[in-house]
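Trainee: I am new to this structure and would like a close look at one part of it. Please take the cysteines as the starting point and go on from there.

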Amino acid sequence: NSSREQRLDCDHFELLQENIYKFSKSGNIILCGDFNARLGTLDDYVHEMEGVTFPTTVLTGSIEPRKSRDIHINTYGKSLAELCCGNELIILNGRTKGDYIGQFTCHTYSGASVVDYTVVSSEILQSIKHFTVSSITEFSHHCFLSFALEAEPRLGVDKGETLQLLPLPASFVWNDNLKDTLRENFINSNVSSEMNTLFESLNETDSVVSKFTDVIVNVSRNVVKIRNRQTPKKKRKRTIQKQRWFNTSCYLLKKELKKLGSLLSKYPYDPFLRHKFFATKKIISDLLNGLNEISKANC
């Protein structure tokens, strides 16, 4: 049902299926974006039926049903539902903390719809801590989707064990004037003897490197000044430099549009809000384009 798909002569869901099959061998699947699919509250998992035994690879109805503010269903929606049922994938929209109602994800002048989704493998569903649909903004008809995935870091230690981190090596303030003095300390008979003993031993590599480092540091301490470790300073928040022509009118209009976007996401069926949002968006676009052209002409 897409002119772009007809022009490219391809089935996007077939391509998705091929990639899911390919990458599922390496781990779990996460899909996120605009699917152009409206599936209402179609099931994205297989319902259990009395007297019917499903293979263990098929996910049955052991999860919460999904809700959606969009009641319409299109061809892509049916394809997405089939894709999820056949690959044990679960849609986060409408059933996850942060979006239990299936918030609209796309707003146009004609109305609102749910066409953007985050889809994950059923195995990691419990690891999704929240999922949110942001308010509509000036930058796109589509809302920004975000989710939090809890994951355990792979540090090579068992649960209950404490990971022991090695201390940072000493840091010295180099001084070219002390170069000869440091060389004399290294050729000292005691240091040479210690180094020979170290390299003649058959200890593990890590042990040899550690002891070698200790020798270097101990000799250097007597000659070169140790650098004091300072607490790293917090990075200043980077501010984006506004264009010279971005005046107070631009700022106030953008502020109003942001407020209208929040209201439209909250009251998507209000025709006055919808008209006001898109009318203000057009005014801002025309204003910015005009000011930009004037600025270029004056350069």
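How many disulfides does the structure hold?

Mentor: The model is a predicted one, and it holds zero disulfides. Cys85 takes part in none; the nearest cysteine sulfur belongs to Cys84 and is 6.9 Å away. A disulfide requires two cysteine sulfur atoms within 2.5 Å, so the 6.9 Å at Cys85 rules out a bond there. Cys85 has a relative accessibility of 26%, so it counts as partly exposed. For Cys106, the closest cysteine sulfur is that of Cys143, and at 7.7 Å it is too far for a bond. Cys106 is buried, with a relative accessible area of 9%.

From the cysteines we can go on to the aromatic rings. A search of the whole structure finds five aromatic pairs. In one of them, Phe104 and Tyr269 have ring centres 5.7 Å apart and planes at 80°, so this pair is edge-to-face. Phe104 belongs to the loop between S2 and strand S3 (106-108), and Tyr269 to the loop between helix H7 (248-266) and helix H8 (271-298), so the pair ties together parts that are 165 residues apart in sequence. Phe104 is buried at 4% relative accessibility, whereas Tyr269 is exposed at 58%.

Tyr109 and Phe278 are also edge-to-face, because their ring centres are 6.1 Å apart and their planes stand at 70°. Tyr109 sits in the loop between S3 and strand S4 (111-113), and Phe278 sits in helix H8, so this pair ties together parts that are 169 residues apart in sequence. Tyr109 counts as exposed, at 51% relative accessibility, and Phe278 as buried, at 11%. Together with Phe277, Tyr109 and Phe278 form one aromatic cluster.

Next come the strands. Strand S5 (residues 116-121) is mostly covered, with six of its six residues buried. S5 pairs with strand S1 (residues 30-34) in the antiparallel sense over five bridges, and Leu31 has Val119 of S5 as its bridge partner. S5 also pairs with strand S2 (residues 89-91), in the antiparallel sense over three bridges. In that pairing, Ile90 stands opposite Val120 of S5.

A last residue to look at is Phe186, in helix H4 (residues 179-186). Phe186 is partly exposed, with a relative accessible area of 28%. Leaving aside residues up to four places away in sequence, Phe186 touches Val191, Ser192, Ile216, Val219 and Ser220. Of these contacts, Ile216 is 30 residues from Phe186 in sequence, with 8.4 Å between their C-alpha atoms.

Methods: Residues numbered from 1 in each chain as written. Predicted model: local features only at pLDDT ≥ 70, side-chain atom pairs only at ≥ 80, totals over all residues. Heavy atoms only, no water. Helix = DSSP H or I, 4+ residues; strand = E, 2+ residues; numbered from the N terminus. Buried < 20%, exposed > 50% of the residue type's maximum accessible area, 1.4 Å probe, protein only. Contact = heavy atoms within 4.5 Å. Pairing = 2+ DSSP bridges. Phe/Tyr/Trp six-rings, centres within 6.5 Å; stacked < 30°, edge-to-face > 60°.
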